[in-house]
Amino acid sequence: MTDTRITRLQGRRVWDSRGRPTVEADVALACGVTARAIAPAGASTGSGEALELRDGGTRFGGLDVTKALSSIREIASSLEGLDARDQAGIDTRLVALDGTANRSRLGGNAIVATSMAVLQAAAASAGEPLWRYLADGRPVRMPLPEVQIFGGGAHAARRVDVQDFMVMCPAAGSFSEALEWTAEIYLAAGALMKKAGKLQGVADEGGYWPAFDSNEQALDMLMRAIADAGLRAGEQVGISLDIAASEFGRDGRYVLALDGRSLDTGEMIAMLGGWLDAYPILSIEDPLAEDDQDGFRRFTAAHGGRCQIIGDDLLVTNAARVASSAAEGYTNAVLIKPNQAGTITETHAALAAGRQAGFGTIVSARSGETEDVTIAHLSVGWDAGQLKVGSFSRSERMAKWNEVLRIEESLGRDAVFSGWSALPFKHRGR
Ligand code: PGA
Ligand code: ZN
């Protein structure tokens, strides 16, 4: 019997895709297995997320993580000797040791890096790739990728209001074909931006910097890029938006900086409804601010039958919030980010609550990422159906897409692509 007791947990400071400090955790087991994981970091964070512990002060803009690394030293003495295969037991211990509702004592960054590293170690000790260890014999699908073409919002100095202009290719025959279509669209969009004199580099998640005069101009450019790629928008390719409305909405008012307009909830819903009529939008994330639950309810009642409506800041990967979203009709889908929840066990609970409700479930990266590919495995191993890791450039993004390609290849003819089945509404494409 392999001895999977934890013998060592060690933290170190590494750097993320924005050049900011973050926390890496190394775990060693008695059997000799070692594994590691790195905490990601958000920019447009929900107020209900697990708190990222940062030092404050002036060093690295106050973002250093020496306090979180001290937390890992404290966690280490409490985890040594525990069985790495008992993820639930270890995560319960982490939550109890922290003792706060929002993980503010030890830090969500220290906790999530530890929880993910323990999971990686357990899978490695079983001699299995992580996705297979998680699936534990259950059938899985390759996820439908949601890929950013233009970045905006908090990821591009608020150059446009909308944070993510993305594409989804549910009509592709496989995950790899969906990426091929996406690659053509990304290239075509770059060529269009260049021709229009709007190519100014890329935003935080690798999408083109949004040098647009309006949100609609970005949507029009996206439509042209899909056509230039030789693909049919609406039939083969759909648009997906993350409005990230908590960033510019509060107390029922939404201030669109680009348009110089201030909308109330009803006007915001009407504007987005107009976009749904005019463009083949399959998915909208955070259409309203996290404090506008009634707006969410109205939006989903009006459009949930024709569009995936995802709660990110609203639901913060919290199982109880997902259950109440289902009961109240706030959304029909949930974004799943391990560092919002804090631990792997809580992350899975949120996904399970979404599945129970018949929601779309989308495993997601953060805007601050690294070479860590744990979430690629979560999306497959938990059969989430969808994966969102940013754009089609920058290696912290490509590392995740490429990892799913390897998983797909390892399954050979047994690889099943989720495609339309991942979406929580009926579409004529099915
Ligand atoms: P964030 O962005 O990581 O900055 O929160 C991702 C998202 O909003 O989905
Ligand atoms: Zn979001």
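Arg 18 and Asp 204 pair up through their side chains in a salt bridge, with 2.7 Å between N and O. Both of these residues are buried. The bridge ties together distant parts of the chain, since 186 residues separate the two partners. Keep in mind that this is a predicted model. Across the whole structure a search turns up 28 salt bridges, while the disulfide count is 0.

**The Arg 18–Asp 204 pair in context**
- Arg 18 sits in the loop between β1 and β2.
- Asp 204 lies in the loop between α5 (175-195) and α6 (215-228).
- Neither side chain is left exposed, as Arg 18 and Asp 204 are both buried.

**Arg 12, Glu 24 and their network**
- Arg 12 makes a salt bridge with Glu 24, and their closest N and O atoms are 2.5 Å apart.
- This one also links distant parts of the chain, with Arg 12 in strand β1 (residues 6-15) and Glu 24 in strand β2 (residues 21-29).
- Along the chain, Arg 12 and Glu 24 are 12 residues apart.
- Arg 12 has a relative accessible area of 26%, so it counts as partly exposed.
- Glu 24 is buried, because its relative accessible area of 7% falls under the 20% cut-off.
- The pair doesn't stand alone: salt bridges with shared partners join Arg 12, Glu 24, Asp 26 and Arg 36 into one network.

**Arg 232 and Glu 235**
- The side chains of Arg 232 and Glu 235 form another salt bridge, at 2.9 Å from N to O.
- Arg 232 is partly exposed, with a relative accessible area of 44%.
- Glu 235 is partly exposed too, with a relative accessible area of 43%.

**Cysteines**
- If you're wondering about disulfides, the count comes to 0.
- Cys 169 is in no disulfide, because the nearest cysteine sulfur, that of Cys 307, is 16 Å away, and a disulfide needs the two sulfurs within 2.5 Å.
- Cys 169 is buried, with a relative accessible area of just 1%.
- Cys 31 counts as partly exposed, because its relative accessibility is 31%, which lies between the 20% and 50% cut-offs.

Terms used:
Residues numbered from 1 in each chain as written. Chains lettered and ligands numbered in written order. Predicted model: local features only at pLDDT ≥ 70, side-chain atom pairs only at ≥ 80, totals over all residues. Heavy atoms only, no water. Buried < 20%, exposed > 50% of the residue type's maximum accessible area, 1.4 Å probe, protein only. Salt bridge = Lys/Arg side-chain N within 4 Å of Asp/Glu carboxyl O. Helix = DSSP H or I, 4+ residues; strand = E, 2+ residues; numbered from the N terminus.
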